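Visitor: I would like a close look at one part of this model, please, taken slowly. Which residues should I click on, and what should I look for at each one?

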Amino acid sequence: MKKAIAIISVILSFLGLMSVFLYSFEYRELIPFFSVLPFSKSELLREYFHDFGIVDLFFYVIFIVGIIVYLVSKYKETRLLRFIYSVILISKFVFVPIWIYNFYLSAKLRTLHPELDTNFSWIYSILYYIFHILIIVISFRIIKYLNSQRELDFSEKVYGEHISKVYTVATKGQRFFNYLIDSFVWLIIYSSIFSVVKNLVYMYSQIDSAAFNNTSIEHRFESDSSKDFIVFLYLLSFRFVYYLFFELVFKASPAKFLTETKVMDYEGKPTNFKGIFLRNFCRNIPLNPITFLFGYNLHDNWSATEVFQEKRIGVSGNKYLRCLFTIIGVLVVLCLGQTFYSKHQKESYQRQVYEQKIIHNKLAVSNLVIGDIIIIHHYGSNDYGQYILKVIKIIGDKIYFNKIDSNDYNYPDDESIIRNKEKYFFNELDSFSVNKKDLSKAIISAEEWLKIENHEVNNPDGFGFKLLKDNKNYFILNVIALGKPILKIEKGVSSELNYKVTELNLRISNLGISSKLIAVKSNQDDVSWTVDNTIIPVQIPVFRGNYSNDSVLNLKGKGDNIKNSDFTISVQDSLGKKYKYQILSNNGDSDVIIKPL
């Protein structure tokens, strides 16, 4: 049994580590079959680490250290293994009712959307539940076995001819440590449940209305106070169940496995259900923590229970302290590695975005016509110089502009400039001329764009060209060719099933010459693209600052596992001229690349 525990632990810890790093790669659909902990769903620390499972990683590293110590001590030191398996057990156990409800909702969802009802999806779901039920059974049996190998620490006292055992009571330091660790475990499991239940509430609301829309999960969840209360009530009961389950079944909570302590009656015998229930009922009395400070321990005294120490047969506390620093060091290295990889992936995609911007600006500058608009910018630490230029005359290679200061109009974006161009350039304005060759020198490279994006510019005067007479270097932000379609494409809501993106929505609108969408063709064999709720050809709406149906067209991509977008659209303007664009996007980035063909 001891060797079997070691082998199972190695397999589970390896699978768990794999699940953490799969978030950064393409095989996210395998995560449910690798992950033995659900904390990747937790919103704890997500603001800082996004999809990277830092909490999961922390527990898996502890798991590995526990395995090593278990083997080195010749199967005697079990506190870390008991702790990890108890966390796995409770995190899976509390999800059982959620799994049942999720299975019900998924079946109902497939009824409303038959395209999701495939043999693979059913097999995938069944295998998922079998795997996690197996984890519950394995964890329970391992904890039971390891617990059976431990006994309470005691000393013998002689009273005349009678010798009695006096069990060693847990110290205040151990009790306080138990409280901190159990609170930490409870908090992260609570957070994971909250995230999942919130998604289920959203799924229920979508099924209830029998239609999908663009409302965010957070908005739908927060807008319904009754559902909010139900979720809060479910989660509030979790702390009580957490302690009741562990102290009734194992006589110890996860933290008590770490400190090698147990809950027993005053005589060191197992406590019955009544005692454990009363103990945990009293634990929720607000004054209970205060009584601990004065040595009364309300939930101990009213339930006639006590926390005793187990006999120590393993590794000393100092060695665990060294292990703790080792764990921290490993986590730092892994986090730095993951951060570097994520940064590299993001910069690689951003470089593609900027390279496309450069191609657009070069082509637009070489084909400038009267009425086109150029936005130039000066990157300086003390000033934010930005001007809007309008082409008013072209003689040979000489281009004449009117210019206005963006600051006068609160630095408008491209849409505002296009909508208000007549207002901006109504009066007589400053004008100047520049050679087309010199204007091209103001187009900066992708590397320079990345330096600006990452605030890594050491020499602002090295960017661009001195276009104006203020002796400052300016670079071109964008060239707006008003005589062509100016497409605006943004990401909408995506749908996931079993960690796979099965549907992507892109919103398309036009800021330039009136144009129609005449064709959409997918460049991926496993993804199909269509225009939602309409037939091609269709007029591309003018963007009006919102995402109503009359302001955008919804392009919908469907597939079993959409990892990125790659399709081609054909557009015809009101003068009959046709254009083709390749549309590229990455699921991990908000930018959409529009590449003229």
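Guide: What follows is a walk along one stretch of the chain, with a few side trips for comparison.

A word on ground rules. This is a predicted model, in which local features need pLDDT of at least 70 and side-chain atom pairs count only at pLDDT 80 or more, while totals for chains, interfaces and linings use all residues. Residues are numbered from 1 along each chain as its sequence is written, and side-chain values use heavy atoms, with hydrogens and water left out.

Our stretch begins where helix α10 ends. Helices (H or I, at least four residues) and strands (E, at least two) are DSSP runs, numbered from the N terminus. Start with lysine 251, which sits in the loop between α10 (225-249) and α11 (254-259). Its phi is near 65°, a positive value in a residue other than glycine. Most residues other than glycine have a negative phi, so this one is worth a pause when you click on it. Lysine 251 is also buried, with a relative accessible area of 14%; buried means under 20% relative accessible area, exposed means over 50%, and partly exposed lies in between (1.4 Å probe, protein chains only).

Before moving on, look at phenylalanine 250. Its backbone oxygen is reached by the side chain of asparagine 147, at 3.0 Å. That is a polar contact: a pair of N or O atoms within 3.5 Å, where within protein one must be able to donate a hydrogen and the other to accept it, and residues adjacent in sequence count only if both atoms are side-chain atoms. Asparagine 147 belongs to helix α7 (residues 119-148), and with a relative accessible area of 9% it is buried.

Back on our stretch, step into helix α11 and you find alanine 255. Its relative accessible area is 0%, so it counts as buried. Now find isoleucine 181: it is 74 residues away from alanine 255 along the chain, yet their C-alpha atoms are separated by 5.4 Å.

Glutamate 260 comes next, in the loop between α11 and β3 (261-265). Here is another positive phi in a residue other than glycine, near 55°. Glutamate 260 has 2% relative accessibility, and therefore counts as buried.

Is glutamate 267 buried or exposed? At 54% relative accessibility, glutamate 267 counts as exposed. You will find it past the strand, in the loop between β3 and α12 (273-283). Valine 166 makes a good landmark here: glutamate 267 and valine 166 are 101 residues apart in sequence and 8.7 Å apart in space, C-alpha to C-alpha.

Carry on along the chain to asparagine 297, in the loop between α13 (288-293) and α14 (298-301). It is buried, with a relative accessible area of 14%. Its C-alpha atom is separated by 9.5 Å from that of arginine 283, and the two residues are 14 apart along the chain.

Now for the side trips. In strand β7 (residues 398-405) you will see lysine 398, which is partly exposed at a relative accessible area of 35%. Lysine 436 is 38 residues from lysine 398 along the chain, and 6.2 Å separates their C-alpha atoms. For another backbone feature, go to isoleucine 536 and proline 537, joined by a cis peptide bond with omega about 5°. Most peptide bonds are trans. Proline 537 lies in the loop between β14 (527-531) and β15 (538-539).

Finally, compare the model with a record. In UniProt, an unreviewed entry places the annotation "transmembrane region" on residues 48-71, 83-102, 122-143, 176-197, 229-250 and 320-341; UniProt positions are given in the numbering used here, feature names are shortened, and annotations may be inferred rather than shown by experiment. Take one of these spans, residues 83-102: its end C-alpha atoms lie 28 Å apart, and it is 90% helix and 0% strand. Helix α5 covers residues 79-93, and its 15 residues reach 21 Å from the first C-alpha to the last. That is close to the 21 Å expected at 1.5 Å a residue, where the expected span is 1.5 Å times one less than the number of residues. Helix α5 is mostly covered, with 14 of its 15 residues buried.
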